Amino acid sequence: SGESGAGKTESAKLLLQHLMNLCKGNSQLEQQILQVNPLLEAFGNAQTVMNDNSSRFGKYIQLRFQKNTVQGAKISEYLLEKSRVVQQDTGERNFHIFYYMFAGLSSEEKEMYGLLDPSLYRYISGQFGTQDVAQRWKHKYQEVCNALDMVGFQEQEQVDLLAILAGVLSLGNVAFEPEDSNGSVKVSEASWGWLKAAAVSKYIEPACCVPSSPWSPLVSCCHFLLADARDSIAKVAYGRVFGWIVCKINELLAENVDPEVELSEIGILDIFGFENFAVNRFEQLCINLANEQLQHFFNHHIFQLEQAAYKEEELPWETVTFHNNEPVLNLLLAKPLGLLSLLDEQSAFPQATDKTFVDKLNSSFKGNLHFQPGRGHVLGFSIIHYAGKVQYTAAGFLEKNRDTLPATVRGLFMNSITPLLSLLFTGKFLHCDRASHRNPELSHSLMMLMDRMYSANPHFVRCIKPNSQKEPGVVDSWVVLQQLRYNGLLETIRIRRDGFSWRPSFEEFAER
């Protein structure tokens with residue numbers, strides 16, 4: 001755990017390499033476990049203000065062992081930040097894969113997928129890198145292709161995958177304008193080429209459903225192709241592709257042993273770090289909630305269980321107090337009046353708006369020490385988290401929490417002439433899909449993760465960020481001290497120093 005950019009993903013990779021090395025085997029499976037990382041990072045990581053390779057999803061890697069040999073692995077993914085596909089703030093980028101594609105595909109391949117100059121695409125904010133950066137991305141694209149081959153993606157599946165990504169980008173440039181005569185809406189004249197490019201990618205052909213002509217600009221009957229729904233289509237398509245990649249990786253890494261044999265397990269949780277940007281949205285609230293839960297888990301083990309053991313042994317011990325973040329978790333998770341419950345309640349009302357949601361929060365949490373109403377003209381609120389105060393912008397909260405896909409759009413995908421898109425929206429794929437990320441699912445998936453962790457014997461790796469400028473070799477003492485304080489590490493050190501951190505069994509002690 002640790003802030004965004006503190007080094008969690010790199011630490012997790014080193015830990016994984018170390019465990020594979022300790023197995024002392026050189027099996028193909030061990031190499032495959034290490035080689036899936038470039039694939040997960042290309043599709044699940046992005047540049048943010050805080051971190052050039054920020055994980056925009058949480059991952060839990062389960063390694064299954066028998067007689068000190070790894071027999072299989074499974075990856076669970078949590079809360080992919082799908083909204084990044086359609087919108088990035090200043091200084092941020094879309095998921096890496098979009099840039100790798102432009103740098104790595106040949107001119108002929110770009111033509112095949114209908115890809116033009118990267119500066120033209122709204123979903124990547126017209127940003128592209130310098131020549132040096134593009135060269136690095138080209139190398140990364142090759143790594144992704146190698147990983148796709150290694151995981152077992154067929155050639156046609158890889159073609160379909162890139163066609164969907166190209167289609168997503170083209171779709172982002174489709175704009176709409178009113179049709180003068182009858183008050184309906186049409187695709188703007190300037191967007192025609194983009195709509196066709198998306199169709200060339202076999203992605204949106206079934207969407208043009210006006211009977212008179214397959215290319216009629218009138219989309220009044222296809223109301224879902226308006227701006228918000230256009231973005232919803234892009235987000236859901238990308239989310240399904242990501243889930244499918246994880247599913248294929250799990251098929252490759254699945255253990256091939258007698259199900260009766262009991263296997264030992266080591267799990268590594270690499271989850272997004274605490275975030276506090278200039279503008280914080282629904283996604284930051286989800287990320288910071290996960291971090292609040294991890295902090296509570298840490299407190300429970302290091303402070304409560306540790307000190308309870310000393311008390312039980314009747315050792316002379318002066319209780320070490322710590323910052324308990326339970327009140328913040330209650331504010332967010334309590335039922336029926338926690339923030340998420342109120343968000344779900346408001347999301348169920350068609351006439352509710354982000355403003356009615358904020359009004360509800362202001363009245364429900366009046367006087368709560370961990371909640372502050374928004375100030376000024378921005379619709380929002382602040383939460384006093386364990387790691388400090390974060391101001392959230394409420395715009396888009398209800399829509400993102402509903403995250404619903406109209407049945408017409410689902411039908412569009414299921415009947416797509418791209419075999420992969422059709423597969424991703426039929427029952428065949430649903431058993432390994434991480435489901436829609438609506439909030440009840442969100443809290444449920446996080447609760448399942450916490451249950452799994454509480455039943456294990458945990459070891460904590462606390463990552464500390466040395467500075468806020470993404471600079472190597474620079475230690476900013478104040479930035480470091482802040483993290484040591486809010487993480488409870490100063491109190492932890494005191495317990496470790498004054499307490500009994502190593503407790504061998506009687507047999508072990510006698511033998512020594």
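**Close-up 1. Strand β3 and its two antiparallel partners, β4 and β7, in a predicted model.** In strand β7, the residue that serves as bridge partner of Arg64 is Glu265. The structure shown in this and the following views is a predicted model. The pairing of β3 with β7, which spans residues 264-270, consists of 7 bridges, and the two strands run antiparallel. Strand β3 is also joined by 9 bridges to β4 (residues 69-78), again in an antiparallel arrangement, and within this pairing Phe65 stands opposite Val70 of β4. The hairpin formed by β3 and β4 has 2 residues between the strands, and in this hairpin Lys67 adopts a positive phi near 50°. Strand β3 itself, comprising residues 58-66, is mostly covered, with 7 of its 9 residues buried.

**Close-up 2. The open sheet of strands β8, β9 and β10, with helix α11 packed on it.** The 3 strands of this open sheet follow the order β8-β9-β10 and pair in antiparallel fashion. Its edge strands, each of which pairs on one side only, are β8 (371-373) and β10 (388-393). Averaged over the sheet and with direction ignored, neighbouring strands are turned by 20° against each other. Helix α11, formed by residues 326-333, packs on the sheet and touches both β8 and β9, and the direction of the helix makes about 150° with that of β9. Between β8 and β9 (residues 380-385), which run antiparallel, there are 3 bridges, and Pro373 is placed opposite Phe381 of β9.

**Close-up 3. The surroundings of Gln158 in helix α7.** Gln158 belongs to helix α7, which covers residues 155-171. With a relative accessible area of 15%, Gln158 falls under the 20% cut-off and is therefore classed as buried. When neighbours within four places in sequence are left aside, the residues in contact with Gln158 are Leu148, Asp149 and Phe153.

**Close-up 4. The surroundings of Lys13 in helix α1.** Lys13 is part of helix α1, which is made up of residues 8-22. The relative accessible area of Lys13 is 19%, and because this value is under 20%, Lys13 counts as buried. Leaving out neighbours within four places in sequence, Lys13 makes contact with Asn37 and Glu41.

Technical notes
Residues are numbered from 1 along each chain as its sequence is written. This is a predicted model: local features need pLDDT of at least 70, side-chain atom pairs count only at pLDDT 80 or more; totals for chains, interfaces and linings use all residues. Side-chain values use heavy atoms; hydrogens and water are left out. Two strands pair if DSSP finds at least two bridges between them. Helices (H or I, at least four residues) and strands (E, at least two) are DSSP runs, numbered from the N terminus. Axes are lines fitted to C-alpha atoms, for helices over the stretch in contact, and angles run from 0 to 180 degrees between N-to-C directions. Contact means heavy atoms within 4.5 Å. Buried means under 20% relative accessible area, exposed over 50%, partly exposed in between (1.4 Å probe, protein chains only).
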